[in-house]
Amino acid sequence: RVKILDLLTIVCKAIDDRLGENISIIDMRNVSPFNDYMVICSAKNVRMALSIVDKIEQDANKYGYDVRAIEGDDTSNWILIDLYTIVAHVFVGTEREVYNLENLWIDQPRLKVNL
């Protein structure tokens with residue numbers, strides 16, 4: 001089993017591989033009992049968002065990580081994939097600005113992952 005920072009790299013690489021944009025990682029360890037990190041990205045359309053989530057799920061499973069839940073479908077502009085310690089949010093269009101999760105958690109540390 002790989003470490004959590006390795007899982008962050010797996011998630012971010014999957015997003016990058018499927019042309020996800022503007023990846024943001026928020027350290028939630030001090031404020032959330034449910035997950036350690038939140039990964040946020042944008043997709044150009046719903047089809048790309050679904051492809052990103054599918055790639056995250058495939059790659060996580062490949063390295064022995066389980067997916068707790070996926071919320072959203074082919075009609076959603078916000079799709080979430082819960083990997084227990086990491087929750088990834090994939091937004092389509094202006095939906096990311098509407099919910100503005102980065103601003104909601106502005107006081108939490110940010111991370112960078114080298115791809």
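Visitor: Where does strand β4 (residues 78-82) sit, and how many of its five residues are buried?

Guide: Four of the five residues of β4 are buried, so the strand is largely enclosed by the rest of the structure. Buried here means under 20% relative accessible area, exposed means over 50%, and partly exposed lies in between, with a 1.4 Å probe and protein chains only. Strands (E, at least two residues) and helices (H or I, at least four) are DSSP runs, numbered from the N terminus. Keep in mind that this is a predicted model, in which local features need pLDDT of at least 70 and side-chain atom pairs count only at pLDDT 80 or more, while totals for chains, interfaces and linings use all residues. Residues are numbered from 1 along each chain as its sequence is written, and side-chain values use heavy atoms, with hydrogens and water left out.

Visitor: Which strand pairs with β4 over three bridges, and which over five?

Guide: Two strands pair if DSSP finds at least two bridges between them. Strand β3 (residues 69-71) pairs with β4 in the antiparallel sense over three bridges, and Glu71 has Leu80 in β4 as its bridge partner. Strand β5 (residues 86-92) also pairs with β4 in the antiparallel sense, over five bridges, and there Ile79 stands opposite Val90. The hairpin of β3 and β4 has six residues between the strands, and Gly72 takes a positive phi near 115°; the hairpin of β4 and β5 has three, and Tyr84 takes a positive phi near 70°.

Visitor: Which residues touch the most other members of the largest nonpolar core?

Guide: In soluble globular proteins, nonpolar side chains tend to be buried together. A nonpolar core is a set of buried Ala, Val, Leu, Ile, Met, Phe, Trp, Tyr and Cys residues joined through side-chain atoms within 4.5 Å. The largest one has 27 residues, of which Leu7, Val11, Val39 and Ile56 touch the most other members. At least two residues of this core come from each of α1 (4-17), β2 (37-43), α2 (46-62), β4 and β5. A second, separate core of six residues includes Met28, Met38, Ile40 and Leu101.

Visitor: Why do Cys12 and Cys41 not form a bond?

Guide: A disulfide is a covalent bond between the sulfur atoms of two cysteines. The rule applied here asks for a pair of cysteine sulfur atoms within 2.5 Å. The closest cysteine sulfur to that of Cys12 is in Cys41, 8.6 Å away, which is too far for a bond, and the count comes to zero disulfides. Cys12 is buried, with a relative accessible area of 3%, and Cys41 is buried too, at 0%.
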